[in-house]
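Visitor: I should like to learn how to read a protein model, beginning with a single residue and moving outward. May we look at it together?

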Amino acid sequence: MGAEPQHSPTRRHVIIATSAAAAAAAAAVVIDRAVIGDQAGEPPDVAGQLTPNDGSWQRVAVSADVPDGRMHPFDLGLVSGFVRRVDGQPQAVSGVCTHQGCRLWFDASDDRLRCPCHSTSFAPTGQVLTHQLPMAPKPLPALMVREADGFIDVFAPVRRDQSG
């Protein structure tokens, strides 16, 4: 008499609902990566170049301090990163993890940049080598770099004076 008994969800209902949610999440990730990749004009798994809208060339190293194969860390306040020389040419990458912005450190014994926050590691070129995240973070962006008059400079934003 009265109300019918309430049925708890069956295993099949739970599996169907979970599968639908997982499929929706996967579709959202694929769409997000496709849109981000298209906006950047490159495939989403390739590191881009970080180019500030407004900045200046800022000294990060003396040329002699960056021989081939050696990573040289730098911190300009608004931008931190690593500069190295490959076949005589300077290259620079961001020193901030693309997952949550943790500062990276260079592990010379393994020749990789490591993130202390989630055990992610990057090649000196910025490509992701290892991670323990559900999805790989984006590669580290390259920074604009030049060498002139015995110094290595990176193009970076300038810290604005708070009073002016």
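Guide: Certainly. This is a predicted model. Let us begin with one serine.

Visitor: Is Ser-80 buried or exposed?

Guide: A residue counts as buried when its relative accessible area is under 20%. Ser-80 has a relative accessible area of 8%, and therefore it is buried. For the protein as a whole, 27% of the 164 residues count as buried.

Visitor: In which element is Ser-80 found, and with which side chain does its own side chain make a polar contact?

Guide: Ser-80 belongs to strand β4, which covers residues 80-86. Its side chain makes a polar contact with the side chain of Arg-103, at 3.2 Å. Arg-103 also appears among the residues in contact with Ser-80 once neighbours within four places in sequence are left aside; the others are Phe-74, Asp-75, Val-93, Ser-94, Gly-95 and Val-96.

Visitor: How many helices and strands are there in the protein?

Guide: The protein has one helix and twelve strands. Read from the N terminus, the helix is followed by the strands.

Visitor: How should I read a sheet, and what is the strand order in the open sheet of three strands?

Guide: Strands of a sheet pair through backbone hydrogen bonds, either parallel or antiparallel. In this open sheet the order is β2-β12-β11, and the pairing is antiparallel. Its edge strands, β2 (56-62) and β11 (145-148), each pair on one side only. From one strand to the next, the twist averages 35°.

Visitor: How many bridges join β2 to β12?

Guide: Six bridges join β2 to β12, the latter spanning residues 151-156, and the two strands run antiparallel. Ser-56, for instance, stands opposite Ala-156 in β12.

Visitor: Which residues make up the largest nonpolar core?

Guide: That core has eleven residues: Val-60, Ala-61, Val-66, Phe-74, Val-79, Val-83, Ala-92, Leu-143, Ile-152, Val-154 and Ala-156. At least two residues come from each of β2 and β12, and β12 gives the most, with three. Another core lies apart from it, with ten residues, among them Met-71, Cys-115, Phe-122 and Leu-140.

Visitor: What does Ala-61 touch, not counting residues up to four places away in sequence?

Guide: Ala-61 touches Val-66, His-72, Val-83, Phe-151 and Ile-152. Of these, Val-66, Val-83 and Ile-152 are also listed in the largest nonpolar core.

Visitor: What share of the contacts with a separation of 6 or more joins residues 24 or more positions apart?

Guide: Such residues account for 48% of those contacts. As for the outside, the accessible surface comes to about 10600 Å², of which 55% belongs to carbon and sulfur atoms.

Technical notes
Residues are numbered from 1 along each chain as its sequence is written. This is a predicted model: local features need pLDDT of at least 70, side-chain atom pairs count only at pLDDT 80 or more; totals for chains, interfaces and linings use all residues. Side-chain values use heavy atoms; hydrogens and water are left out. Helices (H or I, at least four residues) and strands (E, at least two) are DSSP runs, numbered from the N terminus. Buried means under 20% relative accessible area, exposed over 50%, partly exposed in between (1.4 Å probe, protein chains only). A polar contact is a pair of N or O atoms within 3.5 Å; within protein, one must be able to donate a hydrogen and the other to accept it, and residues adjacent in sequence count only if both atoms are side-chain atoms. Contact means heavy atoms within 4.5 Å. Two strands pair if DSSP finds at least two bridges between them. Axes are lines fitted to C-alpha atoms, for helices over the stretch in contact, and angles run from 0 to 180 degrees between N-to-C directions. Accessible areas come from the Shrake-Rupley method with a 1.4 Å probe; for residues, only the protein chains shown count as cover. A nonpolar core is a set of buried Ala, Val, Leu, Ile, Met, Phe, Trp, Tyr and Cys residues joined through side-chain atoms within 4.5 Å.
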